[in-house]
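Trainee: Could we walk through this model together, one question at a time? I would like to practise reading it from the fold down to single residues.

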Amino acid sequence: MSGTRTALNPPDGSRAPVRHPDAPAPGDVLGGHYEGCFGCGQEHGLRLEIRAGDGVSVTAEFTVDPIHQGAPGLAHGGVLTSALDETLGSLSWLQRVIAVTGRLETDFLRPVPVGTVLHLEARVTAVHGRKIYSEATGRIGGPDGPVAVRAAAVFIEVKVDHFLKNGRPAEIDAALADPDQVKLARAFEVNP
Ligand SMILES: CCCCC/C=C\C/C=C\C/C=C\C/C=C\CCCC(=O)SCCNC(=O)CCNC(=O)[C@H](O)C(C)(C)COP(=O)(O)OP(=O)(O)OC[C@H]1O[C@@H](n2cnc3c(N)ncnc32)[C@H](O)[C@@H]1OP(=O)(O)O
């Protein structure tokens, strides 16, 4: 097994993930975490609408449009990885923890034609300190269809400060001027 794979395996002493008591109910649509986000913003990008699942899991449907092509008539692998990344990132809502992608590995198992509705599912498998281990699949034809893409990831828990310190000031100032954005950031920081 390679070193990179090892980093995606929860170490000894990991704990099971815990669904936050105030997590959205299974089936509820999670709001986006930021309107400017390429993954979940509704004005541009992938416009993903993600729903809470059971346990610490989420689901989403991603329609592959012509702007998502890599080869003629087929989805670009980087776009599919972005859809997986966003779906995995939204597991934050179930745990009420802010986390960013540390490592993300995608297996591309089948080509995904334009027009496909990719059925995405992601879940947290384990937590070790600030490291959150998770997995996702994208299936063709329905939630039980064949797996076209599969990902394993480690997300790292961060505080709101991570964005305040590292983001470009223009966008940070605009986010801080938006009461809904500030309310969301506070809700994620208050964790029992
Ligand atoms: C007012 C504005 C508010 C806005 C936000 C408000 C609310 C938002 C709510 C939720 C949404 C949050 C996020 C967005 C969600 C979805 C979008 C999709 C997800 C993404 O697209 S997000 C962008 C891509 N992402 C990055 O932009 C990360 C760049 N990166 C860094 O910023 C640092 O690199 C960081 C912070 C990751 C770590 O830095 P650090 O100094 O804090 O921590 P440190 O290095 O000490 O690591 C601590 C432990 O993590 C292990 N560890 C670290 N890195 C690892 C790796 N790569 N692989 C495996 N393990 C790793 C260490 O081995 C150690 O493990 P151990 O504790 O066992 O020793």
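Mentor: Happy to, and let's begin with a single residue. This is a predicted model, and in it Gly55 has 14 other C-beta atoms within 10 Å. A residue needs 20 or more to be buried and 12 or fewer to be exposed. The count of 14 falls in between, so Gly55 is partly exposed.

Trainee: Where along the chain does Gly55 lie, and which residues does Gly55 touch beyond those up to four places away in sequence?

Mentor: Gly55 sits in the loop between strand E2 (50-52) and strand E3 (57-63). Those two strands form a hairpin with 4 residues between them, and Gly55 takes a positive phi near 55° there. Leaving out residues up to four places away in sequence, the contacts of Gly55 are Arg19 and Arg123.

Trainee: How do E2 and E3 pair, and which residue in E3 stands opposite Ile50?

Mentor: E2 and E3 pair in the antiparallel sense, over 3 bridges. Standing opposite Ile50 in E3 is Ala60.

Trainee: Is E3 largely enclosed or open, and why?

Mentor: Let's use the burial count for the strand. Of the 7 residues of E3, 5 are buried. That is why E3 is described as largely enclosed by the rest of the structure.

Trainee: On to the whole sheet, then. What is the order of its strands, and which strands are at the edges?

Mentor: The sheet is open, has 7 strands and shows antiparallel pairing. Its order is E1-E2-E3-E5-E6-E7-E4. An edge strand pairs on one side only, and that description fits strand E1 (29-30) and strand E4 (99-108).

Trainee: Let me start from the E1 edge. How many bridges link E1 to E2, and what is the partner of Val29?

Mentor: E1 and E2 pair in the antiparallel sense over 2 bridges. The bridge partner of Val29 in E2 is Arg51.

Trainee: And what links E3 to strand E5 (residues 117-128)?

Mentor: These two strands are antiparallel as well, with 7 bridges between E3 and E5. For Thr59, the bridge partner in E5 is Glu121.

Trainee: Which residue of E7 is the bridge partner of Asp107, and which is the partner of Thr137?

Mentor: Look at both sides of E7. E4 runs antiparallel to E7 and is joined to E7 by 9 bridges, while strand E6 (residues 131-140) also pairs with E7 in the antiparallel sense over 9 bridges. In E7, Asp107 has Arg150 as its bridge partner, and for Thr137 the bridge partner is Arg150.

Trainee: Which residue has a positive phi in the turn between E6 and E7?

Mentor: E6 and E7 form a hairpin, with 6 residues between the strands. In that turn, the positive phi is about 90° and belongs to Gly141.

Trainee: How is the chain divided into domains, and how many residues does each give to the contact?

Mentor: The domain assignment gives domain 1 (3-158) and domain 2 (160-192). Their C-alpha centres lie 22 Å apart. The contact takes 9 residues from domain 1 and 9 residues from domain 2. On the domain 1 side, the classes are 5 nonpolar, 3 polar and 1 charged.

Trainee: Where does the ligand lie relative to the two domains, and why?

Mentor: There are 27 residues around the ligand, and the closest are Gly89, Val100, Gly102, Arg103 and Ile156. Elements giving two or more residues to this shell are helix H2 (77-89), E4, strand E7 (147-157), helix H5 (169-176) and helix H6 (179-189). By class, the shell holds 14 nonpolar, 8 polar and 5 charged residues. Because domain 1 and domain 2 both contribute residues to the shell, the ligand lies between them.

Trainee: Which residues does UniProt list for "domain: Thioesterase", and how far apart are the end C-alpha atoms?

Mentor: The unreviewed UniProt entry lists residues 73-139 under that name. In this model the span is 25% helix and 46% strand. Its end C-alpha atoms lie apart by 18 Å.

Trainee: One last residue: is Glu35 buried or partly exposed?

Mentor: Glu35 lies in the loop between E1 and E2, and touches Gly41 and Glu43 when residues up to four places away in sequence are not counted. There are 16 C-beta neighbours inside 10 Å, so Glu35 counts as partly exposed.

Conventions: Residues are numbered from 1 along each chain as its sequence is written. This is a predicted model: local features need pLDDT of at least 70, side-chain atom pairs count only at pLDDT 80 or more; totals for chains, interfaces and linings use all residues. Two residues are in contact if their C-beta atoms, placed from the backbone, lie within 7 Å. Domain bounds come from an automatic or database domain assignment. Ala, Val, Leu, Ile, Met, Phe, Trp, Tyr, Cys and Pro count as nonpolar, Asp, Glu, Lys and Arg as charged, and the others, Gly among them, as polar. UniProt positions are given in the numbering used here, feature names are shortened, and annotations may be inferred rather than shown by experiment. Two strands pair if DSSP finds at least two bridges between them. A residue is near a molecule or strand if its C-beta atom, placed from the backbone, lies within 6 Å of it.
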